[in-house]
Structure formats: C-alpha cells, structure tokens
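Please look over the chain below before reading my comments. I have kept them to a few numbered points.

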Amino acid sequence: VVDGVDGLEPKSKIAGRVTKLYVRSGDEVQAGSPLADIIDNDTMVLKVNFHQANAAAIAIGSHAIVTMNSNGEKLYGTVGTGGALLRQVEIEVSNPGGIAEGAMATAAVGSCSCAESGSFSPRSSSTVYASVNGTIASVYLSEGDKVGRDQAIMSISSDSARRQIQS
C-alpha cells in the first residue's frame, strides 16, 4: 500500500508550507507526476565557512550569532552540522518570517567569525508525487497553506487503482 488508500490521497512527507501546486481539480495525472512542493522554512539553515584554524573551537550544538547582510538584524542559532573539520558549518535559525531562501548573512560562534557570507535555505523541502494514474478529484490546500506531516493534500480518482483493491 502506498500513500493514502493505494495512492488515492497523496500525503506530505514533511510539515511546512505548500509553495507550488502543479495540478488542479480535473487534471489527469500519471504515476510519478509532481503534485505539490512543500518547504519547512520555520527553521532556516545558514551555510557558512570558517577558517580551519577556528574549526576546533566550533562544536555541534554551539550557539551562534547570525547577522543579516540586508539590514544588520541579529538572530540567534545553533550549530547543527559541519563539514570536514567543521570548516563549513550549518547554523539553524528560527525564521521570524522574513528570512527568504538565498538571503545572505554572516555568523560568529563564540569568538570565531566566519570567513565570508553564506546563504540561507529551508531546513527541509519535499515534492509530493502521484503514485497512481488518475484524475485529480479534489485539492485540499492552496499555495501558501500550512501542511502537517502525513497530511493528505488532495484526492485522486483512479479506476485502475480501485480495480486492484477489489481484486
């Protein structure tokens, strides 16, 4: 069994916001067709590089001060992950609502400042795909709506899926 009742109610794999709907009620879809894009931008991830000499002083879980390039606003975050010797660091920051994907910022962890500005991306994103051929019967959400993890986003009418269930 796949999403919903044999794919008839595709669900979001993450909690977040619907950023794009690819279909409307009445549209025909094939298995594998994209239906919707979902992003979780409540927490944004800033990827910044630190000089390797400072890497030893930066531990996962350390507190960071992030400064937005656009307006100098200071935000607080936590070091989530790091690359080789923590040279590239990912800092998770709660999004007060104004951080867009691609926004630039600098960061400091303790007395260590990053080497250059980095850019923000959502903590996670996902595309929901059709798992059956059929017709979009109903779309439950609009672009911009919040969606929960495992929440159905639409229904698909599919005679072939119904025949498989009956046999």
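The points below go from the whole chain to its cores and then to one residue.

1. This is a predicted model, in which local features need pLDDT of at least 70 and side-chain atom pairs count only at pLDDT 80 or more, while totals for chains, interfaces and linings use all residues. Residues are numbered from 1 along each chain as its sequence is written, and side-chain values use heavy atoms, with hydrogens and water left out.

2. The protein chain has three helices and twelve strands, taken as DSSP runs (H or I of at least four residues for helices, E of at least two for strands) and numbered from the N terminus. Of its 167 residues, 37% are buried, that is, under 20% relative accessible area with a 1.4 Å probe, counting protein chains only.

3. The largest nonpolar core (buried Ala, Val, Leu, Ile, Met, Phe, Trp, Tyr and Cys residues joined through side-chain atoms within 4.5 Å) has 20 residues, and those with the most contacts inside it are Phe 50, Val 66, Ile 91 and Phe 120. Strands S3 (34–49), S4 (63–68), S5 (74–82), S6 (88–94) and S7 (104–109) each supply at least two residues of this core. Apart from it lies another core of 18 residues, including Leu 8, Val 18, Val 29 and Ile 156.

4. Ile 136 sits in strand S10 (residues 134–139) and is buried, with a relative accessible area of 1%. Not counting residues up to four places away in sequence, Ile 136 touches Val 29, Leu 35 and Ile 156, among others, where contact means heavy atoms within 4.5 Å. The C-alpha atoms of Ile 136 and Ile 156, 20 residues apart along the chain, are separated by 4.5 Å.

Note on methods
Buried < 20%, exposed > 50% of the residue type's maximum accessible area, 1.4 Å probe, protein only.
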